[in-house]
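Me: I'm new to reading protein models, and I'd like a close look at one part of this one: the cysteines. Could you walk me through them, and then show me what the buried surroundings look like?

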Amino acid sequence: MDYILAYDFGTSGVKAALVDFDGNLLGDAERGYPLLTGPNGFAEQDPADYWKAVCAATKAVVKKVGIAEKDVVGMSFSTQGLGIIPIDAQGNILHNNISWIDSRARKQADEINEKMGSQEFGATDVIPKYLWIKQNMPELYEKTAYFLDCTGYLNFMATGVICIDYSGKAPYHSHPEVAAHRLKQYEAAGLDTAKCPPLIPCTGFVGNLTEKAARELGVTTRVEVYMGVVDVTCAALGAGCCKEGDAHVYLGTSSWLTAIIGYDRLENTGPGIWQLHCCDPTKQIYGGCIQSACMALNWAIDQFYHMEKILCETEKMDYFTRQNIFALVDREVDQVPAGSEGLLATPWLMGESCPISDEKAKATFIGASTVHTRRHFLRAVMESICYSLRMEMDDYKQDVGRSLTKVNAIGGGAQSDPWLQMMADVLGVPVTRTKNCRHSGAIGSAAIVCIGMGVYKMEEIDRFVQLERTFEPRKEQVAVYNKQYKIWKKLHPALKEIFAELY
């Protein structure tokens with residue numbers, strides 16, 4: 001029997017999954033890698049760590065499932081976007097990946113925006129990062145033959161082919177208006193477009209594994225590698241979103257709400273809103289990324305439930321046996337009423353890009369009193385992510401001219417029943433968790449291989465996606481959250497100047 005190796009890259013690690021051509025997930029393995037952070041918004045990762053993690057996770061899952069090496073026939077990567085990896089003409093890595101979360105290029109973003117006469121970029125965008133390198137590391141800029149992204153780097157390591165997919169920020173695009181505008185951005189920034197690699201569509205064939213890559217991965221050169229795409233686009237496919245109006249929420253280290261829209265570009269969208277390539281070239285993906293979601297929740301757990309987390313991990317007490325810290329937290333926050341009894345939080349540990357755009361924004365708690373316990377603080381953090389997603393949903397309604405009626409939920413955070421219930425209550429629409437929600441990126445990645453091989457058409461991807469449970473909005477809780485949401489939206493305008501002074 002033939003199998004697909006599908007990869008889902010996040011900020012903290014990679015999931016490798018074996019999927020068959022019926023969309024069944026047979027097994028998975030995870031390996032992590034560090035995020036290197038520093039002052040002034042620096043956030044980098046060593047690309048070599050990515051490949052090491054891929055190799056280790058691949059060998060682990062092949063062994064775990066117990067298939068023959070020769071039975072793997074396809075491979076594709078779903079990766080984090082907005083990163084840049086400079087390589088020389090021989091393919092040698094010249095610098096760490098400047099991560100999507102890195103916000104060092106505020107000055108460069110402002111400089112390009114001024115020349116363009118409009119607010120084109122934020123501090124985390126790719127083109128300002130290119131300009132940051134040119135201005136601050138001119139020797140590196142000159143030595144760079146190509147700027148790869150994470151997908152491009154992994155495909156290069158697998159096949160030796162230098163390329164990137166259309167979801168990046170190359171100065172060319174399948175949409176003619178976008179292509180023309182992108183060229184103007186590069187010209188305004190004074191960047192060399194020759195440093196952008198050739199493009200291949202996300203379902204396009206890149207090449208077979210090289211002998212070296214096959215040996216390191218523990219499979220054979222029979223494996224065909226298909227381009228893959230940035231995580232947001234791939235996750236939409238894995239969440240079963242292929243028609244206009246289909247929407248999904250991702251809850252991982254970061255979070256986003258996206259919806260499928262038509263081919264025509266929208267003007268004057270909300271802060272930080274993307275219009276990305278859809279796997280279907282006749283459509284786009286509308287949405288935006290919340291910088292810290294499960295990152296913010298994990299931080300709060302470490303601060304308020306540190307000892308319980310240790311006990312859960314070590315099982316030193318009978319009370320904590322056979323449960324993890326997240327099961328404990330779910331039980332705790334489920335005992336707090338909707339709205340956390342007036343306690344509000346902001347999740348902006350690493351600044352924010354959407355639904356507000358402010359790299360200086362910080363996490364806060366507002367409204368604490370003697371009635372609040374640590375469980376209130378955790379619930380307030382979870383609610384703050386829901387409020388952010390509602391702002392994105394409101395932007396969609398304003399920009400697209402219609403309302404969302406339901407969303408699917410994926411990502412590790414989607415395993416939390418209380419979180420999805422409060423999300424349904426805050427958004428006011430049903431929220432449905434997909435089966436294998438932690439692996440929707442891998443399911444989407446496997447679907448890309450199937451489409452690339454001609455096994456399925458784009459509109460047939462629903463056979464890959466199974467739904468598990470739907471959470472309906474509850475009338476009383478919706479009323480509470482409508483009131484709290486109005487107050488929550490006032491926090492950033494009220495605190496923006498204070499954040500700027502603290503930064």
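Reply: Let's begin with a term: a residue counts as buried when its relative accessible area is under 20%. Please keep in mind that this is a predicted model.

Now take Cys 196. Its relative accessibility is 8%, so Cys 196 counts as buried. Is it paired with another cysteine? A disulfide needs two cysteine sulfur atoms within 2.5 Å, and by this rule the count comes to zero disulfides. For Cys 196, the nearest cysteine sulfur belongs to Cys 163 and is 13 Å away.

Cys 241 makes a good second case. With a relative accessible area of 4%, Cys 241 is buried too. The closest cysteine sulfur to its own is in Cys 242, at 7.7 Å, and that is too far for a bond.

From here we can turn to the buried surroundings. In soluble globular proteins, nonpolar side chains tend to be buried together. The largest nonpolar core in this model has 62 residues, and Trp 419 and Met 423 touch the most other members. Helix 12, which covers residues 374-400, gives the most to this core, with 12 residues. Two cysteines turn up around Trp 419: leaving aside neighbours within four places in sequence, its contacts include Cys 294 and Cys 386, along with Leu 251, Leu 297 and Met 382. Apart from this core lies another, of 38 residues, with Ala 29, Val 72, Leu 209 and Leu 217 among them.

Conventions: Residues numbered from 1 in each chain as written. Predicted model: local features only at pLDDT ≥ 70, side-chain atom pairs only at ≥ 80, totals over all residues. Heavy atoms only, no water. Core = buried A, V, L, I, M, F, W, Y, C linked by side-chain atoms within 4.5 Å. Buried < 20%, exposed > 50% of the residue type's maximum accessible area, 1.4 Å probe, protein only. Helix = DSSP H or I, 4+ residues; strand = E, 2+ residues; numbered from the N terminus. Contact = heavy atoms within 4.5 Å.
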